[in-house]
Amino acid sequence: MSTNPTHRGFTSNIGAILAAAGGAVGLGNIWRFPYMLGQNGGGAFLLVYIIFVLLIGIPLMMTEFIIGRRSQRNVVGAYRALSGPRKGWVLLGIFGIVSAFLIYAFYSVVAGWTLNYIVMAAGGKLSGLDPAAVAQEFSFFTQGSFWPLFYQLLFLILTGAVITMGVQKGIENMAKILMPILFLLLLLMCVRSLTLSGSHEGLRFLFEPDFSKLTGKGVLSALGQSFFSLSIGMGAMITYGSYIRKEDRLFKTSIWIALCDLIVAILAGVVIFPAVFAFGMDPASGPELVYVVLPNVFNNMPAGALFAVLFFLLLGIAALTSTISLLEIIVAFAVEELQWKRSTASLVSTAVVFVVGALCTLSFGPLQNFKIVGYTIFDLFDLITASYLMPIGALLMTIFLGWFYPKVEVKDELSNHGTLKVKAFELYYFILRYVAPAALIVIIISGIVG
Ligand code: TRP
């Protein structure tokens with residue numbers, strides 16, 4: 001094992017947990033999870049989702065942390081350092097960098113929308129509109145060119161600025177400030193939603209499983225969603241793992257992060273569904289749920305204008321800590337492998353992502369009829385990453401650590417060189433070798449056969 005003397009990581013365990021939880025908690029929890037759950041029948045989806053997070057999500061996050069902390073490197077460097085003479089594994093690292101680029105490109109589109117909605121809500125532009133007008137605002141905005149590109153670029157620049165400040169001053173400090181704010185805003189929104197009359201119906205939808213509403217496709221979506229939400233499968237957690245202190249407990253750290261992520265998703269459901277049901281809106285409206293359905297909800301509730309601003313602020317903060325983790329994957333690679341300066345690496349990656357990301361933005365407007373195998377560029381990137389690159393990346397990773405890398409070394413890293421008792425080690429290792437790869441093969445195949 002090689003160590004890199006210039007490596008500077010997180011300063012504390014709580015810093016590591018907040019930074020990684022910030023990477024995990026994002027649009028995936030507050031935008032994607034509720035609409036997926038809404039489309040897949042509610043409570044039963046939640047239950048299956050929780051099982052996947054606990055059974056597969058946590059072990060895979062631990063796997064990424066082991067690879068990252070053991071190697072003290074970015075994704076590419078990590079596989080190079082741990083695979084010895086078998087150079088082929090480096091490709092898996094490059095695969096991670098490519099995935100990060102693609103996710104960042106489409107993710108930044110929706111992240112940019114949050115800024116527009118903060119501005120619109122704060123300026124009162126959403127209040128008093130009827131549902132048709134709210135929907136029209138959304139399509140008018142997303143189908144444009146200038147404003148969606150402007151907000152996307154603004155978001156990319158914000159992210160780039162944080163990354164330029166470095167791991168401790170940028171990523172860790174930002175997470176320490178933003179994550180508590182995020183939780184506070186979320187709890188405030190929960191109280192608002194739960195005190196609406198008629199909120200119990202939404203809670204029943206969220207928490208009472210009705211398995212007759214869950215399809216096989218729903219189960220797979222729950223598995224895919226757990227990967228996306230926990231940021232597993234392409235090296236984000238390898239990169240952050242390389243910043244975790246040697247004395248921190250990877251078991252405990254992963255569990256905390258995954259629980260944070262899970263709790264935020266559930267609380268987002270508690271915010272959204274009671275409100276949606278209280279005002280008789282459709283929970284199954286899809287990706288537009290928070291942008292088109294929620295503004296109507298806000299229009300109908302007391303102090304709705306204020307809560308609209310707070311909600312989109314919450315969404316923006318969640319997105320920012322996630323884009324930070326996406327950009328860091330790429331920048332850590334450029335700094336450590338190509339010896340670029342951190343600021344140059346942030347600037348160049350941001351520019352490249354903007355060029356590709358602009359195509360994703362424009363695929364809602366001028367390029368909406370430009371389709372590749374029936375998908376717009378935005379949908380294609382989402383599909384490729386969530387259904388193929390992340391599960392395939394995760395599968396190859398489990399094969400690497402479970403079947404190729406020596407078991408004693410895995411145990412050594414997880415037990416901090418034997419100084420910790422890791423009672424659940426055999427269970428973890430069994431999941432790593434058999435359960436996770438089997439589940440991943442099922443997702444990948446069912447993704448291919450549709
Ligand atoms: N997990 C984030 C979310 O839920 C998205 C994300 C950030 C991500 N970094 C990632 C997904 C890396 C996969 C890989 O919004």
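How many residues surround the ligand, and which are the closest? The ligand is surrounded by 17 residues (a residue counts when one of its heavy atoms lies within 4 Å), and the closest are Gly28, Tyr107, Phe228, Ser231 and Met234.

This is a predicted model, in which local features need pLDDT of at least 70, side-chain atom pairs count only at pLDDT 80 or more, and totals for chains, interfaces and linings use all residues. Residues are numbered from 1 along each chain as its sequence is written, and side-chain values use heavy atoms, with hydrogens and water left out.

**The ligand**

The table lists polar pairs of the ligand, a polar contact being a pair of N or O atoms within 3.5 Å; within protein, one must be able to donate a hydrogen and the other to accept it, and residues adjacent in sequence count only if both atoms are side-chain atoms.

| Ligand atom | Protein partner | Distance |
|---|---|---|
| Oxygen | Gly28, polar backbone atom | 2.8 Å |
| Nitrogen | Phe228, backbone N or O atom | 2.8 Å |
| Nitrogen | Ser325, side-chain N or O atom | 3.1 Å |

On its own the ligand has 360 Å² of accessible area (Shrake-Rupley method, 1.4 Å probe), and the protein covers 100% of this area.

**Helix packing**

Two packed helices are described by the angle between their axes and the distance between the axes. Axes are lines fitted to C-alpha atoms, for helices over the stretch in contact, and angles run from 0 to 180 degrees between N-to-C directions. Helices are DSSP runs (H or I, at least four residues) numbered from the N terminus.

Helix H2 (residues 27-39) packs against helix H5 (residues 90-122) at about 95°, with the axes 12 Å apart. H2 and H5 are therefore roughly perpendicular (65 to 115 degrees). Their contact (heavy atoms within 4.5 Å) involves Leu27, Gly28 and Trp31 of H2 and Tyr107, Val110, Ala111 and Thr114 of H5. These residues comprise 5 nonpolar, 2 polar and no charged; Ala, Val, Leu, Ile, Met, Phe, Trp, Tyr, Cys and Pro count as nonpolar, Asp, Glu, Lys and Arg as charged, and the others, Gly among them, as polar.

H5 also meets helix H7 (residues 146-164), where the axes come within 7 Å and cross at roughly 105°. H5 and H7 are therefore roughly perpendicular as well. Residues in this contact include Tyr104 and Val119 of H5 and Tyr151 and Thr159 of H7. By class, the contact has 10 nonpolar, 6 polar and no charged residues.

**Glu336**

Glu336 belongs to helix H14 (residues 304-337). The Glu336 side chain makes a polar contact of 2.8 Å with the side chain of Asn74. Glu336 and Val76 are 260 residues apart in sequence, with their C-alpha atoms 9.4 Å apart.

Notes:
Helix = DSSP H or I, 4+ residues; strand = E, 2+ residues; numbered from the N terminus. Parallel < 35°, antiparallel > 145°, perpendicular 65-115°, else oblique.
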